[in-house]
Every structure is written in structure tokens, then in C-alpha cells.
Amino acid sequence: MKTEHPVRENIIEFIPAIRMMLSAANTKITRLLNNDTINQFCEDRKSLEKTFDLIRAQKNSPWDGKFIYLEETATPQDIITSFIRELEDFRAGSSTPPQIIAIKGYGLLAVGRSSHAVSLLLETFENALDSLLTNEEKPKRKASDENIVPAHPDILHQKICIVTGGAQGFGEGISRSMLLENANLVIADLNEEKGLATSADLTSLCKSNELIFVKTDVSSPESVKNLVIQTVKNFGGIDVFVSNAGILKAGGLDEMEPASFELMTKINYEGYFLCSKYASAVMKLQSKYKEGYYSDIIQINSKSGLKGSNRNFAYAGGKFGGIGLTQSFALELAPFRVKVNAICPGNFFEGPLWSDSEQGLFVQYLRAGKVPGAKTVEDVKRFYEKQVPLGRGCRVEDVMKAIKYIVSQEYETGQAVPVTGGQEMLS
Ligand SMILES: NC(=O)c1ccc[n+]([C@@H]2O[C@H](COP(=O)([O-])OP(=O)(O)OC[C@H]3O[C@@H](n4cnc5c(N)ncnc54)[C@H](O)[C@@H]3O)[C@@H](O)[C@H]2O)c1
């Protein structure tokens, strides 16, 4: 049983730079692994060289690659500087790019063109180390055909995406669609049980991409920072951050308690700030080391961010604020080619917020007699659908089209894109 070593926080200050320096036409995926076996065999440059020699001498050796070794340095910037030097030497002696970078004090960084390729590489390497210990050969897993980059990859192909609030509702739908587009995904949600269940359900959609779940509270700086660290450890950086987690507790001035107002503001408004703060640090570092590279922060806002909402001011206020943050972040981050945009969906009638059979808004409005003459949930639903010029609620695929537009667009930032079926129009 291998003991995995804790990851050091400052990996977010150098791994995204290394990933970008290794990314020529297509961005690469990296994964950091550090455990007892790796430490035993890769303690210093000499022992790693010896380990590679032993692996090469094994029967049916899986390994003929070379590696880069980085000594422990005082600062992350020093690691970047020594990597630049070592990479130059490596390229002088090899026609293929490095796949393994050993970083003293941190572990082994595997590099590949997909998550699946990186997993296979690390598995092969660990198996080879194990057989050095046990003298037993382990069966090899073959790379699947899905590892081959398609001629016309989807816009999200092998991008590293985070979706907060990805356990259910819009977030779950966005996660599902992103996986189908071959994105690498981090589902970040406060609800661990649901988040793990959704992740288990969605894993079967992965081809050469992979997905992880990280329990996250978007209103806590430590928790959001941990989300970014785990993402960088597993995939090497962040290309698209979808700030989707949000809560809604409606109420007028008489009934809204200050504590409820504060909680909604913390999650819906402050949470977006925290996510942008920690994600943008990684994105800026990436841009510095790859010319022409763009990344995206996307807030799932609401039509309530464009127009006041009766007896729902805590929600609408936070969403209006989200658009102010979007515009301001966009101005600040434009020089780093980090685009920041908001999507303002209309009501997602098919999602749990509206359709949950016990707590959904349709049931609540029926019970409260909010819709005159409505006798069933369907009557309430029809009443709301009629208010949309295009006659239906917003769906995940509508939001996904907006996400893909934003990611593909290199000349748009600071926008609030309405996806409301015509219910809200920009002036
Ligand atoms: N449902 C709609 O009709 C609608 C319409 C427009 C915009 N939106 C927006 O879309 C987003 C998603 O809404 P939904 O209806 O899918 O919501 P939902 O309630 O179905 O799901 C929200 C998810 O966020 C998670 N979450 C809550 N607090 C969190 C926190 N502090 N940290 C991390 N995760 C947390 C929940 O566990 C849940 O999985 C929200 O920002 C919402 O404002 C929703």
C-alpha cells in the first residue's frame, strides 16, 4: 500500500508555467505524483538515473524515455528558471518531448497530450518500480484509440475545466456536456454525497479525458484555493472556470433575515470573487509562458442580474453585482488574455430548483396559490412558460451553446450574454 504524500501549495506557482512551456500546438496535461515508492527510487538525480537504467534492463521494458530532473530551489520562480535551462539541454539531446519531470521535494510530473495518456504513463512507471521491488512483471494496459487527437477536435477537447456547483442542476448538465466534448473536468461542490454520486455517474462518458470531484465551498478562500491546487496537481492548470454554484432564497423586505441575505451574498457574489481570484492567478501564469493562449472565467449569472426581481432582491442584487465584477475583472485581466464573461440564463424549469417534486418552485407556487386558477404543477409551469417569447424554459444545451461561443471567441470579454428565450433583452 503506497502512502500518497501531501501536495505542496506552491505547485500552483510553477506547474502551470511548465505545462505551457511544453505545450506547442496543443496544450498538454500534466499530473504530479508523490508517494513512498517514488521517493525511494527518485531521491536524487543519480538514484533516478539508476532507476531508469534498471527499468530499461527489465524484460519487456516499457520504458526507453529520458527525463528532466529539477533540484529543490528556494522559490517557485527558481524552479521555472531551472526548468527552462534543463528543457533546453533536453531538447538538444532528444527529438521527443520530455514525459517525466522529477522535481525534488515535490514528486514526479508526468506529461502527455491527454489525461488518459498521463494516467497510462504513470501506471506504467509505477508498475516498473513495483517490479523492481518484487521482481514480478505486471500486465500492461494498452493505450486506447481514443488517445488519438481527432482531425477537428471540439472546442473543449482536452481543456481543463472547473464547474462549481456541478453536482446537480445546470452545473451537472454543463459537466455532462463538457465531458462529452472530451474536456477534463473538476466538479466542485459543497454537497459531497451528491458530488461523488454525480461524478461516479459521469465517469463512463470519459474517453481520453478524465474527471475528479473536489469538495468545495465557494464562499471559503481556503476551500477555493484547495480546489485550484487539486486541479493543478491532477491536470496541470485551468483553461475554463465556470462559476456556477449559487443559491436562491426568495423573500421581500419584511421576511428576509439578515443572515439569509448574508449567506446568499457570500455564495452568489463573494464566491465569484474568490473563484476568480485564485483561478486567474493560474491563468495569468499560463499566458505568460504561451503566446496566443486564451483562458476563460465564466459566471453563470441569471436574467435576474439584468432586471430587478420582485421579493427576490437578495438574489437579484448578488447577480447584478456579479455583472459589475465580470466587467471589472475583464478589464483587469484582458492584458493577460483571460476573458471574463457572464451568461444570464432564463428559468431552468426542468432543473431541481423548479421541478423538485417536494421543494421545487412549481410545487411551492401551487401550494401558495401564486398562480391564479392553477390546479396542478403543470398549470403553474404553463403559466411561466407563457411569459417566455420563445415559449419554453432555458435548458442546459442553451447555456452550453453560450459557453462554447464564449470559449471560441477571442475578441469578446466583459459581456453578459442573455440566454432567456427573449424574456430579457439588452438595451
Ligand atoms: N435554475 C434556474 O432557473 C436558474 C436560472 C438562471 C440562473 N441560474 C443560476 O444557475 C446556477 C445553478 O443553478 P441551479 O438551479 O442549477 O442550482 P441547484 O440548486 O440545482 O444547484 C446548485 C449546486 O450548487 C451547490 N452549492 C451550493 N452552495 C455551494 C457552495 N457554497 N459551494 C459550492 N457549491 C455549492 C449545491 O450543492 C448544488 O449542487 C446558479 O448560479 C443560479 O443562480 C439558475
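Modeller: A crossing counts as right-handed if the near helix is turned clockwise from the far one by less than a right angle. This is a predicted model. In it, α4 passes α9 in a right-handed crossing.

Biologist: What makes α4 roughly parallel to α9?

Modeller: Take the angle. The axes of helix α4 (residues 76–93) and helix α9 (residues 258–289) cross at roughly 25°. Angles under 35 degrees count as roughly parallel. So α4 is roughly parallel to α9. The two axes come within 14 Å.

Biologist: Why is α6 called oblique to α14?

Modeller: Same test. The axes of α6 and helix α14 (residues 396–408) cross at roughly 60°. Roughly parallel needs an angle under 35 degrees, and roughly perpendicular runs from 65 to 115. The rest, short of the antiparallel range over 145, is oblique. Therefore α6 is oblique to α14. These axes come within 10 Å.

Biologist: Which way does α6 pass α14?

Modeller: In a right-handed crossing.

Biologist: Now the ligand. Which residues are closest to the ligand?

Modeller: Q168, F170, D189, Y315 and F348. In total, 28 residues surround the ligand.

Biologist: How do you know that Q168 makes a polar contact with the ligand?

Modeller: Check the distance. An oxygen atom of the ligand is 2.7 Å from an N or O atom in the side chain of Q168. The cut-off for a polar contact is 3.5 Å. The pair passes, so the contact counts.

Biologist: Where on F170 and N244 are the polar atoms that an oxygen atom of the ligand reaches?

Modeller: On the backbone. For F170, the distance is 2.7 Å. For N244, a polar backbone atom is also 2.7 Å from a ligand oxygen.

Biologist: How do you know whether the ligand is mostly buried or exposed?

Modeller: Look at the area. Taken alone, the ligand exposes 840 Å². The protein buries 91% of that. Mostly buried, then.

Biologist: Which elements give two or more residues to the shell around the ligand?

Modeller: α6 (169–180), α10 (313–333) and α11 (352–355). α11 gives the most, with three residues.

Biologist: How many residues of each class does the shell have?

Modeller: There are 14 nonpolar, eleven polar and three charged residues.

How values were computed. Residues are numbered from 1 along each chain as its sequence is written. This is a predicted model: local features need pLDDT of at least 70, side-chain atom pairs count only at pLDDT 80 or more; totals for chains, interfaces and linings use all residues. Side-chain values use heavy atoms; hydrogens and water are left out. A residue is near a molecule or strand if one of its heavy atoms lies within 4 Å of it. A polar contact is a pair of N or O atoms within 3.5 Å; within protein, one must be able to donate a hydrogen and the other to accept it, and residues adjacent in sequence count only if both atoms are side-chain atoms. Accessible areas come from the Shrake-Rupley method with a 1.4 Å probe; for residues, only the protein chains shown count as cover. Helices (H or I, at least four residues) and strands (E, at least two) are DSSP runs, numbered from the N terminus. Ala, Val, Leu, Ile, Met, Phe, Trp, Tyr, Cys and Pro count as nonpolar, Asp, Glu, Lys and Arg as charged, and the others, Gly among them, as polar. Axes are lines fitted to C-alpha atoms, for helices over the stretch in contact, and angles run from 0 to 180 degrees between N-to-C directions.
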